[in-house]
Amino acid sequence: MTTLKAKLKEDLTAAIRERDELRSSTLRLTLTAISKEEVAGTSARELSDDEVQKVITREAKKRREAAEAFAQGGRAEQAEREKAEGEVLAAYLPQQLSDDELEQIVAAAVAEAKGAGAEGPRAMGQVMKIVNPKVAGRAEGGRVAAAVKKLLAGG
């Protein structure tokens with residue numbers, strides 16, 4: 001078993017003992033998502049820590065989107081619950097990049113792409129290829145794409 005998955009299981013057991021309903025339900029759902037991912041495809045397999053982290057990232061993103069949807073629908077209580085679940089999951093993810101750090105990485109990648117002869121909005125794909133490995137897991141794709149578009153547009 002991977003170390004991250006083992007930590008999730010240990011934390012779930014602790015949350016159940018402490019009768020922490022929010023943590024226990026969030027961790028249960030996350031472990032279920034991991035199990036589903038393990039048996040998806042043609043044969044069952046054990047996920048690596050990186051793959052487990054991607055599942056946790058996907059689950060955290062679902063919580064953020066659900067919180068926004070509930071807030072827009074005027075259901076503040078459910079929105080708060082989703083936000084709280086997202087915060088529980090965030091503890092298992094690497095520290096997110098600040099806007100300034102992300103902008104510096106993107107600026108370096110844009111300069112690198114321009115050096116290779118790519119300019120303007122058509123260089124988006126080339127810049128994303130350079131940026132994605134550097135920010136993997138530390139910045140959401142939408143945030144990265146927005147920063148790249150802004151810099152390519154000359155902003």
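The buried residues of helix H4 are Ala 79, Glu 82, Glu 85, Gly 86, Val 88 and Leu 89. This is a predicted model, and H4 is a pleasant place to start reading it. The buried residues of H4 pack against two other helices, H2 (21-39) and H3 (49-72). An α-helix has 3.6 residues a turn, so residues three or four places apart point the same way. The length of H4 can be checked too: at 1.5 Å a residue, its 15 residues (76-90) should span 21 Å, and because the end C-alpha atoms are 21 Å apart, the expectation and the model agree.

**From H3 to its neighbours**

Glu 59 belongs to helix H3. Is Glu 59 buried or exposed? Its relative accessibility is 6%, under the 20% cut-off, so Glu 59 counts as buried. Leaving out residues up to four places away in sequence, Glu 59 touches Ala 33 and Leu 89. Leu 89 is one of the buried residues of H4. Looking further afield, Glu 59 and Ile 105 are 46 residues apart along the chain, and their C-alpha atoms are separated by 26 Å.

**The H1–H2 loop and the start of H2**

Two residues of the loop between H1 and H2 are worth a look. Arg 19 sits in this loop, which follows helix H1 (3-17), and Asp 20 lies there as well. Arg 19 has a phi near 60°, a positive value in a residue other than glycine. Asp 20 and Ala 33 are 13 residues apart in sequence, with 20 Å between their C-alpha atoms.

Ser 24 is found in helix H2. Which residues does Ser 24 contact, once its neighbours within four places in sequence are set aside? They are Leu 12, Ala 15 and Ile 16.

The accessibility values of the residues discussed so far can be set side by side:

| Residue | Relative accessible area | Class |
|---|---|---|
| Arg 19 | 74% | exposed |
| Asp 20 | 25% | partly exposed |
| Ser 24 | 8% | buried |
| Glu 59 | 6% | buried |

The classes follow from the cut-offs: Arg 19, at 74%, is over 50% and therefore exposed, while Asp 20, at 25%, falls in between and so is partly exposed. Ser 24, at 8%, is under 20% and therefore buried.

**Nonpolar cores**

The largest nonpolar core has 20 residues, and the members that touch the most others are Leu 102, Val 127, Val 131, Val 135, Val 144 and Val 148. Helices H5 (99-115), H6 (124-135) and H7 (141-152) each supply at least two residues of this core. Taking Val 131 as an example, and not counting residues up to four places away in sequence, Val 131 touches Ile 105, Val 106, Ala 109 and Val 144. Another core lies apart from this one; it has 15 residues, among them Leu 4, Leu 12, Tyr 92 and Leu 93.

**The largest pocket**

Rolling a probe the size of a water molecule over the atoms shows where empty space is left. The largest pocket has a volume of about 370 Å³. How many residues line the largest pocket, and which lie nearest its centre? There are 17 lining residues, and those nearest the centre are Ala 60, Arg 64, Leu 93, Gln 96 and Glu 140. H3 and H4 are the elements that give two or more residues to this lining. By character, the lining divides into five nonpolar, six polar and six charged residues. Leu 93, one of the residues nearest the pocket centre, is also listed in the core of 15 residues.

Notes:
Residues numbered from 1 in each chain as written. Predicted model: local features only at pLDDT ≥ 70, side-chain atom pairs only at ≥ 80, totals over all residues. Heavy atoms only, no water. Helix = DSSP H or I, 4+ residues; strand = E, 2+ residues; numbered from the N terminus. Expected span 1.5 Å × (residues − 1). Buried < 20%, exposed > 50% of the residue type's maximum accessible area, 1.4 Å probe, protein only. Contact = heavy atoms within 4.5 Å. Core = buried A, V, L, I, M, F, W, Y, C linked by side-chain atoms within 4.5 Å. 1 Å grid on protein atoms, 1.4 Å probe; cavity = no way out; pocket = protein on both sides within 12 Å on 5 of 7 lines; lining within 4 Å. Points joined across faces, edges and corners; volume = space filled by probe spheres on them. Nonpolar A, V, L, I, M, F, W, Y, C, P; charged D, E, K, R; others polar.
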